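Here are a few exercises to work through with the structure open beside you. Try each task before reading its solution.

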Amino acid sequence: MISYLARLLDITMNNGTLPGDWKRATVIPISFVTNFRPVSLTSEVCKQMEHVITSYLRQVWDKNNWLYEGQHGFRPGYSCESQVITVGQDNADSLDNGERIDTIIIDFSKALDLVPHGRLLTKITNSGVDSRVVVWIREFLLGRTQRVRVGRQLSEEVRVTSGVQQGSELGPLLFLAYVNDIWRSIESPIRLYADDCVIYRKIINNEDIENLQKDLDRLGSGRLKMR
């Protein structure tokens, strides 16, 4: 099957189009009724193509050191534990020196579902990847539909106009690309694990308190420099 899959990837890459079936997802709700977390079941053939695109993006971004070093999610060699260790060590060093440090833990609500495709594609275009890959990703994101399955019941299909697919191979890495420059507008240290982040700052005087609050306001209002 490898030769056929390679040929299929070559066709989609050079033609800049993807089969319509690859853009249709069946969403399986999990977790509690009041806080559904959708997992999308998609084409297995498309997932093989996503593996190739994901590997390519990682190689390019690792080579040019593009991903923010404070992002610990969905990256080889990084984990939730590495984020906790880094933040814990910074806090411990401050406490050992008798310094006050304020730490805030933040979770961005529905973050993976609200990624605007236009901004995401602009960032990927500026990250140094091949233009054909950008077109492939654009076709992967645009024109998608999904329906929800509960038991044996299926809802009507609806168009997906934002977000990255949860349950896909490529989706998590695309999300990292979107939030990659979040640190540019933040003066305080910030460590992320996907859409969860920890922001903290040594507090020496009232100005430090005010600056930390300004950083929180920027995070909360969405006035970040998403360049």
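## Exercise 1: A leucine in the first helix

Leu-9 is found in helix H1, in a model that is predicted.

**Task.** Decide whether Leu-9 is buried or exposed, and find which residues Leu-9 touches, not counting those up to four places away in sequence.

**Solution.**
- Step 1. The relative accessibility of Leu-9 is 14%. Buried means under 20%, so Leu-9 counts as buried.
- Step 2. Leaving out residues up to four places away in sequence, Leu-9 touches Met-49, Val-52 and Trp-136.
- Step 3. Leu-9 and Cys-46 are 37 residues apart along the chain, and their C-alpha atoms are separated by 9.2 Å.

## Exercise 2: H1 against H2

**Task.** Describe how helix H1 and helix H2 cross, then say which residues meet in H1 and H2.

**Solution.**
- Step 1. Two packed helices are described by the angle between their axes and by the distance between those axes.
- Step 2. H1 covers residues 2-15 and H2 covers residues 44-63; their axes come within 11 Å and cross at roughly 75°.
- Step 3. Angles of 65 to 115 degrees count as roughly perpendicular, so H1 is roughly perpendicular to H2.
- Step 4. From H1, the residues are Leu-5, Leu-8, Leu-9 and Met-13; they meet Val-45, Gln-48, Met-49, Val-52 and Ile-53 in H2.
- Step 5. Sorted by class, the contact of H1 with H2 has eight nonpolar residues, one polar and no charged.

## Exercise 3: H1 against H5

**Task.** Repeat the analysis for H1 and helix H5 (residues 131-141).

**Solution.**
- Step 1. The axes of H1 and H5 come within 8 Å, crossing at roughly 95°.
- Step 2. That angle makes H1 roughly perpendicular to H5.
- Step 3. H1 contributes Leu-9, Thr-12, Met-13 and Asn-14, while H5 contributes Arg-132, Val-133 and Trp-136.
- Step 4. The contact of H1 with H5 divides into four nonpolar, two polar and one charged residues.
- Step 5. Now pick out Thr-12, which lies in H1. Its relative accessibility is 4%, so Thr-12 counts as buried.
- Step 6. Leaving aside neighbours within four places in sequence, Thr-12 is in contact with Thr-17, Pro-19, Trp-22 and Trp-136.

## Exercise 4: A glycine in H6

**Task.** Place Gly-171 in its helix, and state whether Gly-171 is buried or exposed.

**Solution.**
- Step 1. Gly-171 belongs to helix H6, which runs over residues 171-179.
- Step 2. With 0% relative accessibility, Gly-171 counts as buried.
- Step 3. Not counting residues up to four places away in sequence, Gly-171 touches Val-164 and Gln-165.
- Step 4. Asp-181 is ten residues from Gly-171 in sequence, and the two are 18 Å apart in space, C-alpha to C-alpha.

## Exercise 5: The whole chain

**Task.** Summarise the protein chain: how many helices and strands does it have, and what is its average pLDDT?

**Solution.**
- Step 1. Count the elements: there are seven helices and eight strands.
- Step 2. Along the principal axes, the C-alpha atoms fill a box of roughly 65 × 45 × 30 Å.
- Step 3. Of the 227 residues, 42% are buried.
- Step 4. The accessible surface is about 12,900 Å², and 52% of this belongs to carbon and sulfur atoms.
- Step 5. Among contacts with a separation of 6 or more, 68% join residues 24 or more positions apart.
- Step 6. The average pLDDT is 89, and 94% of the residues score at least 70. Over residues 223-227, however, the pLDDT is below 50, and this stretch has 14 contacts in the model beyond near neighbours in sequence.

Note on methods: Residues are numbered from 1 along each chain as its sequence is written. This is a predicted model: local features need pLDDT of at least 70, side-chain atom pairs count only at pLDDT 80 or more; totals for chains, interfaces and linings use all residues. Side-chain values use heavy atoms; hydrogens and water are left out. Axes are lines fitted to C-alpha atoms, for helices over the stretch in contact, and angles run from 0 to 180 degrees between N-to-C directions. Helices (H or I, at least four residues) and strands (E, at least two) are DSSP runs, numbered from the N terminus. Angles under 35 degrees count as roughly parallel, over 145 as roughly antiparallel, 65 to 115 as roughly perpendicular and the rest as oblique. Contact means heavy atoms within 4.5 Å. Ala, Val, Leu, Ile, Met, Phe, Trp, Tyr, Cys and Pro count as nonpolar, Asp, Glu, Lys and Arg as charged, and the others, Gly among them, as polar. Buried means under 20% relative accessible area, exposed over 50%, partly exposed in between (1.4 Å probe, protein chains only). Accessible areas come from the Shrake-Rupley method with a 1.4 Å probe; for residues, only the protein chains shown count as cover. pLDDT is the predictor's confidence in each residue, from 0 to 100.
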